[in-house]
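Visitor: I'd like to take a slow look at one small part of this model. Could you walk me through it, and then show me how it sits in the rest?

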Amino acid sequence: MGGGMKKEANIKRVKEIIKILTKEIPDSRIALKFSNPLELLIATILSAQCTDVKVNQVTESLFKKYRSAEDYAEANREGFEEDIRPTGFYRNKARSIQKSCQELVTRFGGKVPKTLEELVAFPGVGRKTANVILGNAFGIPGIAVDTHVHRVSQRIGLSKNDDPVKIEFNLMEIVPKEEWTHFSNLLIWHGRRTCVARKPLCEICPINKWCDYEKNVGTKSK
């Protein structure tokens with residue numbers, strides 16, 4: 001199949017996948033709990049190498065204690081490290097959060113910026129985190145390639161790349177722009193519930209028809 005035909009086939013596949021998974025996962029919102037862009041920025045930095053469940057447990061009290069970028073920027077480092085210790089790698093995360101919030105205060109009046117270029121300049125913020133913030137806090141479409149999106153998009157056959165940035169750009173070409181954030185969230189939930197890392201549950205997968213995985217691995221997936 002030529003490049004153009006393959007792209008058209010994938011565009012069709014994506015539309016069907018979105019339709020099916022939207023019915024299967026009607027509430028596909030991000031699992032991290034937040035009430036404003038700053039809280040989502042903090043939560044996404046804390047979520048590195050940590051489950052969303054644990055992050056939500058920590059931020060429940062954290063967001064009551066620290067309510068502004070200034071609060072984080074001026075916090076006692078040792079005390080702040082203790083506040084976020086359960087999320088792991090707490091020293092690095094504390095440093096990233098405080099430096100990011102100091103930048104927010106000095107350059108952006110304490111407000112989280114709305115562009116990918118500005119967001120990725122903050123410590124602890126890569127393209128994935130920036131797209132999570134843009135899409136879920138500001139409604140600006142973005143494809144966030146986390147471990148689930150990475151795995152599921154490869155298994156389905158939507159990208160052959162292993163580099164998250166290349167996967168992001170592959171998906172941007174075949175997913176309607178207005179669906180970028182929604183599609184990312186759908187794949188994340190699908191990756192958690194069905195297309196799990198160790199052994200995907202292909203026998204109960206609602207998008208099995210549109211996936212290359214069993215076709216490629218044959219009986220190994222059984």
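Leaving aside neighbours within four places in sequence, which residues is Glu39 in contact with?

Guide: Phe34 and Phe63, once you skip the neighbours within four places in sequence; contact here means heavy atoms within 4.5 Å. A word on the ground rules: this is a predicted model, where local features need pLDDT of at least 70 and side-chain atom pairs count only at pLDDT 80 or more, while totals for chains, interfaces and linings use all residues. Residues are numbered from 1 along each chain as its sequence is written, and side-chain values use heavy atoms, with hydrogens and water left out.

Back to Glu39, then. Its home is helix H2, which covers residues 37-46. Helices are DSSP runs of H or I with at least four residues, strands are runs of E with at least two, and both are numbered from the N terminus. Glu39 is buried, at a relative accessible area of 13%; buried means under 20%, exposed over 50% and partly exposed in between, with a 1.4 Å probe and protein chains only. Go back twelve residues in sequence and you reach Asp27, 21 Å away from Glu39, C-alpha to C-alpha.

Just along from Asp27, Ser28 sits in the loop between helix H1 (3-24) and H2. Ser28 is buried too, with a relative accessible area of 8%. Beyond its neighbours within four places in sequence, Ser28 has contacts with His182, Asn185, Leu186 and Trp189.

H2 turns up again if you look at helix H5 (residues 77-84), where Phe80, Glu81 and Ile84 are buried. Those three sit on the same side of H5, because they cover an arc of only 105° around the axis, taken from the directions from the helix axis to the C-beta atoms. That's easy to picture, since an α-helix has 3.6 residues a turn, so residues three or four places apart point the same way. The buried residues of H5 pack against H2, helix H3 (52-65), helix H4 (69-73) and helix H6 (90-108).

Now zoom out. The chain has twelve helices and zero strands. Its radius of gyration is 19 Å, close to the 17 Å that the globule rule gives for 222 residues, so the chain is as compact as a globular protein of that length. That radius is taken over C-alpha atoms, and the rule is 2.2 Å times the number of residues to the power 0.38. Of the 222 residues, 47% count as buried.
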